[in-house]
Amino acid sequence: MKKKSIELMKRYRFFAIMIVVTLAILVVKPDMGVRVYSLAFNSVFEMLGVLPPIFILIGLLDVWVKKETMVKYMGKDSGIIGVLLGFFLGAAAAGPLYGAFPVAGVFLNKGSRLANVFIIVGAWASMKIPLLLFEVAAMGWQFTLIRLVMDVIGVLVIAYSMERILTDADERQIYELARKMNQ
């Protein structure tokens with residue numbers, strides 16, 4: 001029991017420190033402290049509005065898509081299909097970037113290649129389709145096309161570099177963490 005409480009304290013120490021700091025701000029500068037807590041509560045409520053639909057979709061993905069199918073289209077030997085599917089899934093995704101990580105965990109748990117999961121997260125962060133449409137209207141086709149090409153190149157370089165840099169032990173640990181997350 002004592003070991004679990006120590007682990008819990010280690011895991012949430014940053015959160016505890018931030019609570020203490022924000023309470024100190026509230027005492028020293030009440031106006032600023034109220035704004036800090038107001039922003040924090042608004043962020044939490046926004047997150048609570050986004051995460052349940054993402055978790056429902058993750059549950060459906062976990063139940064409906066067989067592991068063999070995922071390995072075929074997103075696994076080690078998926079080739080260009082896995083890359084294109086990764087870009088499409090990331091670009092078509094809705095919601096903020098923190099929603100990508102539970103999705104990435106499900107993909108890893110189903111046997112997806114690490115680089116393809118990195119591509120999904122990278123595309124989720126930088127290539128959302130609604131953003132591209134807004135960007136075309138605001139900045140023009142030329143700017144949007146240049147940025148999109150640079151994003152595709154950047155995401156590919158980062159995804160494959162990360163996959164190469166990670167050791168086998170690192171990769172096993174990532175897959176193990178994904179498995180634990182989905183239990």
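**Exercise 1. The chain as a whole**

Of the 183 residues of the protein chain, what percentage count as buried? Then work out how the chain is built and how spread out it is.

*Solution.* Keep in mind throughout that this is a predicted model.

- Step 1: Start with burial. In the protein chain, 31% of the 183 residues count as buried.
- Step 2: Look at the secondary structure. The protein chain holds 10 helices and zero strands, and its pattern along the sequence reads α-α-α-α-α-α-α-α-α-α.
- Step 3: Now turn to the spread. The radius of gyration is 20 Å, while the globule rule gives 16 Å for 183 residues; the value is well over the rule, so the protein chain is more spread out than a compact globule.
- Step 4: Add the dimensions. The C-alpha trace spans about 55 × 50 × 35 Å along its principal axes.
- Step 5: Check how the contacts are distributed. Taking contacts between residues at least 6 apart in sequence, 76% join residues at least 24 apart.

**Exercise 2. Surface and charge**

Describe the exposed area of the protein chain, then place its charges.

*Solution.*

- Step 1: The protein chain exposes about 12,700 Å², and carbon and sulfur atoms supply 73% of that area.
- Step 2: For the charges, there are 20 positive and 13 negative ones, and their mean positions are 6 Å apart.

**Exercise 3. An aromatic pair**

How many aromatic pairs does a search of the whole structure find? Classify what turns up.

*Solution.*

- Step 1: The search finds one aromatic pair.
- Step 2: The partners are Tyr 37 and Phe 41, with ring centres 6.4 Å apart and planes at 35 degrees, so the pair is tilted.
- Step 3: The cut-offs explain the label: planes under 30 degrees apart would count as stacked, and those over 60 as edge-to-face.
- Step 4: Place the pair in the fold. Tyr 37 and Phe 41 sit four residues apart in helix α3 (residues 30–64), which puts about one helical turn between them.
- Step 5: Recall the general rule. An α-helix has 3.6 residues a turn, so residues three or four places apart point the same way.

**Exercise 4. A covered helix**

How many of the 10 residues of helix α6 (residues 100–109) are buried? Find out what covers them.

*Solution.*

- Step 1: Eight of the 10 residues are buried, and helix α6 is mostly covered.
- Step 2: Name the buried residues of α6: Ala 100, Pro 102, Val 103, Ala 104, Gly 105, Val 106, Phe 107 and Leu 108.
- Step 3: The cover over these residues includes α3, α4 (67–74), α5 (79–92), α7 (114–126) and α10 (168–181).
- Step 4: Follow the chain just past α6, where Gly 111 takes a positive phi of about 100 degrees.

**Exercise 5. Four residues, four settings**

Is each of Ala 91, Thr 144, Pro 53 and Lys 10 buried, partly exposed or exposed? Use the relative accessible area, where under 20% means buried and over 50% means exposed.

*Solution.*

- Step 1: Ala 91 belongs to helix α5. With a relative accessible area of 10%, Ala 91 is buried. Setting aside residues up to four places away in sequence, Ala 91 touches Ala 123, Met 127, Lys 128 and Ile 129.
- Step 2: Thr 144 is part of helix α9 (residues 141–165). Its relative accessible area is 5%, so Thr 144 is buried. Beyond its neighbours within four places in sequence, Thr 144 is in contact with Leu 132, Glu 135 and Val 136.
- Step 3: Pro 53 lies within helix α3. At 43% relative accessible area, Pro 53 is partly exposed. Its C-alpha atom is 10.0 Å from that of Ala 94, although 41 residues separate the two along the chain.
- Step 4: Lys 10 is in helix α1 (residues 2–11). A relative accessible area of 55% makes Lys 10 exposed. Between the C-alpha atoms of Lys 10 and Val 83, 73 residues apart along the chain, the separation is 37 Å.

Methods
Residues are numbered from 1 along each chain as its sequence is written. This is a predicted model: local features need pLDDT of at least 70, side-chain atom pairs count only at pLDDT 80 or more; totals for chains, interfaces and linings use all residues. Side-chain values use heavy atoms; hydrogens and water are left out. Helices (H or I, at least four residues) and strands (E, at least two) are DSSP runs, numbered from the N terminus. The radius of gyration is taken over C-alpha atoms; the globule rule is 2.2 Å times the number of residues to the power 0.38. Buried means under 20% relative accessible area, exposed over 50%, partly exposed in between (1.4 Å probe, protein chains only). Contact means heavy atoms within 4.5 Å. Accessible areas come from the Shrake-Rupley method with a 1.4 Å probe; for residues, only the protein chains shown count as cover. Lys and Arg count as positive and Asp and Glu as negative; His and the chain ends are not counted. The place of a charge is taken as NZ of Lys, CZ of Arg, CG of Asp or CD of Glu. Rings of Phe, Tyr and Trp (its six-membered ring) pair if their centres lie within 6.5 Å; planes under 30 degrees apart count as stacked, over 60 as edge-to-face and the rest as tilted.
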